[in-house]
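Visitor: I'd like some help reading this one. Could you walk me through it, feature by feature?

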Amino acid sequence: MTLTEVARAIAAKQLSSHEVTRACLHRIAQWQPHLNAFMAIESEPALKAATAADEELAKGDIKGPLHGVPLAHKDMYYDAGHVSTCGSLIRRDFVASTTSTALQRLKDAGTVRLGTLQMAEFAYGPTGHNAHYGAVHNPWKHGHVTGGSSSGSGAAVAARLTFAALGSDTGGSIRMPAHFCGVTGLKVTWGRVSRAGAMPLSQSLDTVGPLAQTAEDCALLLGLMAGLDPEDPTASAAPVQDYLAATKASLKGLRIGVPKSFYVDDLDADVAKALDATIATLKAEGADVVQVGLTDHRQLSAASQIVLAVEAAAFHKRWLIERPQDYGPQVLMRLQNALAVSGVTYLEALRWRGAALAAHIAATSGVDAVIAPVSPVAAPSIAESDIGAGQNAEAVIQRLTRFTRPINYLGLPSLAIPCGFSSSGLPIGMQLIGRSFDEATVLTIGAAFQRATDFHAKVPTLP
Amino acid sequence: MTKPTPQNVSAMAEAAGVSVDKETATRIANSIGPALEGFAAIAGTLPFDLEPASYVVAQHLKVTR
């Protein structure tokens, strides 16, 4: 069942929140030893909350569209009174005093808390390794990575341990796990969803968004979370679209661009094949697909790396001085990278952002969205991607995330959808990149693709 | 700015208040160097009046196909 389906079933009293929550906890107990997807499993409080939700429903007291639906989220969304480790040793015992706006809006819609999900330390890693809590395993193939930094979110949604999960995307951290784990992930426009109460990594690039089974599920969640927030001055006043309605629309009249270069260069054969097949399906569903020449996204990627490195190091500077030994080697290495960037270069990278976005808008004005791979490869093994803090570590990270970082720099929405499998049985995803504050169009395309295919409905089997 | 030398990195790190040893400085220079090289074509070329806030303006540019 998808999030949308289970929410409807609970509201219609076809299923109780208690039995749905118990079923999730049963699956979690089965899968957790294989995946390491959860940071904390809160069985008793979850069942108690589910019982309360059922009692409220019996009295006609429905909190919202997700009444009684059990969910778990990346362990970086503060929830007052609960530990939020942020995947780190430094914050192992950090108890939040506030609740993040995104999480509060989902709680207000009636969700039940299952626990918290694993993540890369401080959300600063694209593979799913974690020096303190161990790597999260890909549900499709044990011993392979999930992608990060929302590693637990990707694995838990893929294995159907939670109906959806919040992730965060600063350089690809929602889209990479969506791609590697075969789920749908929405990186929103920068400013679309409040970041208040979410652990910061880079204030100019951080976005809050969902991973779920379908584009429709992502639409439901975004509709609940999007909009202004007095706690986050960067949350935009741009009108919130009707995302669920968008998922019902047809592709007729929409034009989708395929980049002529960069995003189609040096792809693994399985990824190239999946891209071609996805384009064919979109055409068959009525979209007009054309080639599009983009600006130099390698420069965007470089600018993105500079902004991310400096802003992350600034957040972490006190701990870099006082507790460097408490970071994992790779995260420490990446935080230290910023020490070689001058203040002038950092500000130039920020000053260029508006001009770079305007140039991208001009280059893509003939299309409604752009399709591109999320990564040139399917999930590598945990062993081969265990690069630690070696001399080539940053280069390996940059290669894996080269198709996601430029989109964070531009701050555009991008929906990652499952669209195939590699010859070794690992999922492959594509990203649909839209215009600023037009999540509706990429959700329209994603939903239409999912009506025509069943990659999103495939479920891994327990090892 | 192009790829910094380990000596550059050591000096900048010291100025930032986070000292690093020689080996770390060399590793940092190699890690962040490609990003600085990738941005070199832009650095030093931006118009005088361009502010970071121009990004928020660009987010709301009207687009018609």
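Visitor: How many residues does each of chain A and chain B put into the contact?

Guide: Keep in mind that this is a predicted model. To read an interface, count the residues on each side: here chain A brings 39 residues and chain B brings 36.

Visitor: Which helices of chain B supply at least two residues each to the side that touches chain A?

Guide: Once you have a count, sort it by element. On chain B, helix H1 (6–16), helix H2 (22–39) and helix H3 (54–59) each supply at least two residues to that side. H2(B) gives the most, with 11 residues.

Visitor: And by class, what is the side of chain B that touches chain A made of?

Guide: That side has 25 nonpolar residues, along with 8 polar and 3 charged ones.

Visitor: Now the sheet in chain A. What is the order of its strands?

Guide: Read a sheet across its strands, neighbour by neighbour. This open sheet of 3 strands in chain A goes S1-S3-S2, with mixed pairing.

Visitor: Why is one side of S1 and of S2 in chain A left without a neighbour in the sheet?

Guide: Strand S1 (38–41) and strand S2 (70–74) of chain A stand at the edges with a single partner strand each, so one side of each has no neighbour in the sheet. Neighbouring strands are turned by 35° against each other on average, ignoring direction.

Visitor: In which sense do S2(A) and S3(A) pair?

Guide: They pair in the parallel sense over 5 bridges, with S3 covering residues 112–117 of chain A. For a spot to look at, find A:His73, which stands opposite A:Thr116 in S3(A).

Visitor: Which helix lies across S1, S2 and S3 of chain A?

Guide: Helix H3 (residues 43–58) of chain A does, running at about 155° to S3(A).

Key. Residues numbered from 1 in each chain as written. Chains lettered and ligands numbered in written order. Predicted model: local features only at pLDDT ≥ 70, side-chain atom pairs only at ≥ 80, totals over all residues. Contact = placed C-beta atoms within 7 Å. Helix = DSSP H or I, 4+ residues; strand = E, 2+ residues; numbered from the N terminus. Nonpolar A, V, L, I, M, F, W, Y, C, P; charged D, E, K, R; others polar. Pairing = 2+ DSSP bridges. Axes fitted to C-alpha atoms, helices over the stretch in contact; angles between N-to-C directions.
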